[in-house]
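Me: I would like to learn how to read a model residue by residue. Please take me through one.

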Amino acid sequence: MLQVNNKGLIMIKKYITYGQYEKAIDKLKEKIKENPDLEAVCYCLIGNIYVEQNNNKEALASYKHSMELGLKWTGLYIALGGQYGLLGELDLAIKYLKECL
């Protein structure tokens, strides 16, 4: 069972709230080193941070990495579909959005 230290998550959320995105990403990467079982989840969260920065290509890469590691969250498929749609790859956008149904 995956466990995450709430204090660490609160700090990451604060970094994001105050626009300190690189610090949040660094903290998530530290979490991966501490607990490699969290890698897929952390990369999904990193993808969300890239979305906040309007960095669609990096967001997509992070989401794809999460999926390749076996994460199967509905929100991940929605995020993948959204990013592909923003990048004009509509066939892939539809493919991932259909995965949610």
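Me: Let us start with S62. Where is S62 found?

Reply: Elements come first. Helices are DSSP runs of H or I with at least four residues, strands are runs of E with at least two, and both are numbered from the N terminus. Here S62 sits in helix α4, residues 56-68.

Me: What should I know about the model before going on?

Reply: This is a predicted model, where local features need pLDDT of at least 70 and side-chain atom pairs count only at pLDDT 80 or more, while totals for chains, interfaces and linings use all residues. Residues are numbered from 1 along each chain as its sequence is written, and side-chain values use heavy atoms, with hydrogens and water left out.

Me: Is S62 buried or exposed?

Reply: Use relative accessible area with a 1.4 Å probe, protein chains only: buried is under 20%, exposed is over 50%, and partly exposed lies in between. S62 has 6%, so it counts as buried.

Me: Which residues does S62 touch, leaving out those up to four places away in sequence?

Reply: A contact means heavy atoms within 4.5 Å. By that test S62 touches Y43, I46, G47 and Y50.

Me: How many helices and strands does the chain have?

Reply: The chain has 6 helices and 0 strands. From the N terminus the order reads α-α-α-α-α-α.

Me: How do I judge the overall shape?

Reply: Compare the radius of gyration, taken over C-alpha atoms, with the globule rule: 2.2 Å times the number of residues to the power 0.38. For 101 residues a compact globule would come near 13 Å; the chain has 14 Å, so the two agree. Along the principal axes, the C-alpha atoms fill a box of roughly 40 × 30 × 20 Å.

Me: What share of the chain is buried, and what share of contacts is long in sequence?

Reply: Of the 101 residues, 34% count as buried. Among contacts with a separation of 6 or more, 36% join residues 24 or more positions apart.

Me: Where is C42, and is C42 buried or exposed?

Reply: C42 belongs to helix α3, residues 39-52. Its relative accessible area is 5%, so C42 is buried. Residues up to four places away in sequence aside, C42 touches L28, K31 and I32. The C-alpha atoms of C42 and I32 are 7.0 Å apart, with the two positions 10 residues apart along the chain.

Me: How many disulfides are there?

Reply: A disulfide is a pair of cysteine sulfur atoms within 2.5 Å. The whole structure has 0. C42 is in none, and the nearest cysteine sulfur, that of C44, is 10.0 Å away. C44 is in none either. C44 is buried too, at 6% relative accessible area.

Me: Where does N54 lie, and what is its phi?

Reply: N54 lies in the loop between α3 and α4. Its phi is near 60°, a positive value in a residue other than glycine. N54 is exposed, with a relative accessible area of 65%.

Me: What about G8?

Reply: G8 is in helix α1, residues 6-17. G8 counts as buried, at 8% relative accessibility. The C-alpha atoms of G8 and C44 are 16 Å apart, and the residues are 36 positions apart along the chain.

Me: How many charged side chains are there?

Reply: Lys and Arg count as positive, Asp and Glu as negative; His and the chain ends are not counted. Each charge is placed at NZ of Lys, CZ of Arg, CG of Asp or CD of Glu. The chain has 13 positive and 12 negative side chains, and the centres of the two sets lie 5 Å apart.
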